[in-house]
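Q: I have a model open and would like to learn how to read it feature by feature. Could you walk me through it?

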Amino acid sequence: MIRTIEFDAERREREIRLRTVGSHSRYERACRSLAGGVSSGLRRHVRPYPLYFASGSGPRVTDVDGNTFIDYGLAWGPLILGHSPPELADAIAAQARRGFTFGAQHDLEFEVSERLTEIIPCADRVTFANSGTEAVQVALRLARAITQRHKFLKFEGHYHGWDDSVLVSFHPTSAQVASAAGGPVPVGTGQRPHYGTLVVEWNDRDAVEKAFQEHSDQISAVICEPMLCNSGSIPPEPGFLEFLREISVRHGTLLIFDEVITGFRLHLAGAQGYYGVVPDLATYAKALGGGIALSAITGRAEYMDRIADGTVVHAGTLNGNPIALACAKATLDVLSRPDLYTELTRRAERLRAALEKLLRNRGCSVVTSGAGAVFHVSFMESRARRYRDLLAADAALYSDFALALLSEGILVLPDGRWYLSAAHTDAVIDDTVVALTRILA
Ligand code: PMP
């Protein structure tokens, strides 16, 4: 792709460094005791270095040097209502005075699980954990127990947490794709092989059919992000989720939707509500806790009863703790307000359209992709339909763009993903468009 635009990255980086000296010195200090200076590996991949934040309110965050940014990263997704929404802050404070955790039963457990069974189509029963990674492992264990099979099928580019079994073929390079010959590509070293993980390409029916032909009586589950948010926000092609539903039934395999991102971002009923396809099990995290660590596994009663009767073990000291559930209950209350999703989606679409228009007016090849309150911006000619198509995007140009946005007071994630919260009003979008116009002037 020929570049028609540059973002003056060197000058902008110098400016940002001058304005963020407090972050820089803290990062250097942290690196001396905290491995890598960050608490989750992906946070290192930002230019010029990871920033330190002092506070957040609604759609904005302020760093330790006093710079305020409109935040489209939203802590990698959980902050569906923005930073420190009063309803959630009050719910957490009130619960903190009553007790942090009991390691035992309390009313919020059934209050939140009842809400989830009302909202989520596949949810007859719910069980809680603390992270998306854990929730996915519980779902996969259930599928193995129910089917008495040990393999499972995942899609290239999809992320399901950092466990060895699923941390494969996430963002393989072209060379890795070529040399792996369809086999799973581990993301890091130290990962154990041989989990029975099969990997095929997203939106590729033939590849799924072929995997079932080759391994049909051994596949316990098909797991996917029902919209591929971790790589380009690539929607399922029309009929693809229905196809996964049908082929899973045909082979006695469970269909698992990993709704850790799509849950409460596409629709109150998640991707299941948005696309109208109901899986056997579904996992939730991020937006469910509104910013507090919480995840959930939901599913049909006949499957979840394996947890109820104790034959499938699910445990955790802080599972269902009242602080997280108080926050979840308040989050679900706000998300259930009429028109919330209509408005959220309208504003996201407005911003996407403005981004495309302004960048294309400068002759730039850019596409946005996604749905609801999550979308991706990629510098490429046409929309991707599978992970490999994204390898053609100009990632270095996006990195320069992210730096330019930062220098104009807009914070975005390094991978092209943009999240909106209910606090991103039209006025916030207007401010963003003004900043974009300045960058492109
Ligand atoms: N599944 C999906 C779809 C995710 O996006 C993530 C986190 N990015 C996870 C699972 C893992 O969740 P957590 O980081 O809470 O372990």
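Q: Let's begin with a single residue: where is Gly409 found?
A: To place a residue, look for the helices and strands on either side. This is a predicted model, and in it Gly409 belongs to the loop that joins helix 13 (395-407) to strand 13 (410-411).

Q: Is Gly409 buried or exposed?
A: Burial is read from relative accessibility, and under 20% means buried. Gly409 has 15%, so Gly409 is buried.

Q: How do I compare separation along the chain with separation in space for Gly409 and Ile80?
A: Take both numbers together. Gly409 and Ile80 are 329 residues apart along the chain, and their C-alpha atoms are separated by 20 Å.

Q: What can I read from the peptide bond between Arg47 and Pro48?
A: The angle to look at is omega. From Arg47 to Pro48 omega is near -5°, and the peptide bond is cis. Pro48 is placed in the loop between helix 2 (21-31) and strand 1 (53-57).

Q: What is there to notice about phi of Leu74?
A: Here the sign and the residue type are read together. Leu74 is a residue other than glycine, and its phi is positive, near 45°. Leu74 is in the loop between strand 3 (68-71) and helix 3 (86-98). Its relative accessibility is 0%, so Leu74 counts as buried.

Q: And what is phi of Trp76?
A: Trp76, also a residue other than glycine, has a positive phi near 70°. The loop between strand 3 and helix 3 holds Trp76. With the cut-off for buried being under 20%, Trp76 counts as buried because its relative accessibility is 19%.

Q: Now the ligand: which residues surround the ligand?
A: A good habit is to list the shell before studying single contacts. Around the ligand are Ser131, Gly132, Thr133, Tyr159, His160, Gly161, Glu225, Asn230, Asp258, Val260, Ile261 and Lys286. By class, this shell has 3 nonpolar, 6 polar and 3 charged residues.

Q: Which pocket does the ligand sit in?
A: Pockets can be ranked by size, and the ligand sits in the second largest pocket.

Q: How far is the side chain of Asp258 from a nitrogen atom of the ligand?
A: For polar pairs, check which atoms are involved and their distance. An N or O atom in the side chain of Asp258 is 2.6 Å from a nitrogen atom of the ligand. Thr133 has a polar side-chain atom 2.6 Å from an oxygen atom of the ligand. With Tyr159, a backbone N or O atom lies 3.3 Å from a nitrogen atom of the ligand.

Q: How much of the ligand's accessible area does the protein cover?
A: Coverage is read against the free ligand. On its own the ligand has 390 Å² of accessible area, and the protein covers 83% of that.

Q: Which side chain makes a polar contact with the side chain of Asn230?
A: It helps to follow a shell residue to its protein partners as well. The side chains of Asn230 and Glu225 make a polar contact at 3.0 Å, and both residues are among those surrounding the ligand. Asn230 is in the loop between strand 7 (219-224) and helix 8 (240-250). Its relative accessible area is 10%, so Asn230 is buried.

Q: Where is Ser248 found?
A: Ser248 is part of helix 8. Ser248 is buried, at a relative accessible area of 0%. Between the C-alpha atoms of Ser248 and Val222 there are 7.3 Å, while the sequence puts these residues 26 apart.

Q: How far apart are Thr317 and Phe102 in sequence and in space?
A: Again, put the two separations side by side. Thr317 and Phe102 are 215 residues apart in sequence, yet 9.5 Å apart from C-alpha to C-alpha. Phe102 is in the loop between helix 3 and helix 4 (107-119), and Thr317 is in the loop between helix 10 (301-308) and helix 11 (322-335).

Q: What is the relative accessible area of Thr317?
A: Exposed means over 50%. Thr317 has 71%, so Thr317 is exposed, whereas Phe102 has 43% and is partly exposed.

Notes: Residues numbered from 1 in each chain as written. Predicted model: local features only at pLDDT ≥ 70, side-chain atom pairs only at ≥ 80, totals over all residues. Heavy atoms only, no water. Near = heavy atom within 4 Å. Polar contact = N/O pair within 3.5 Å; in protein donor to acceptor, adjacent residues only side chain to side chain. Areas by Shrake-Rupley, 256 points an atom, 1.4 Å probe, with all protein chains shown as cover. 1 Å grid on protein atoms, 1.4 Å probe; cavity = no way out; pocket = protein on both sides within 12 Å on 5 of 7 lines; lining within 4 Å. Sits in = over half its atoms within 2 Å of the grid points. Nonpolar A, V, L, I, M, F, W, Y, C, P; charged D, E, K, R; others polar. Helix = DSSP H or I, 4+ residues; strand = E, 2+ residues; numbered from the N terminus. Buried < 20%, exposed > 50% of the residue type's maximum accessible area, 1.4 Å probe, protein only.
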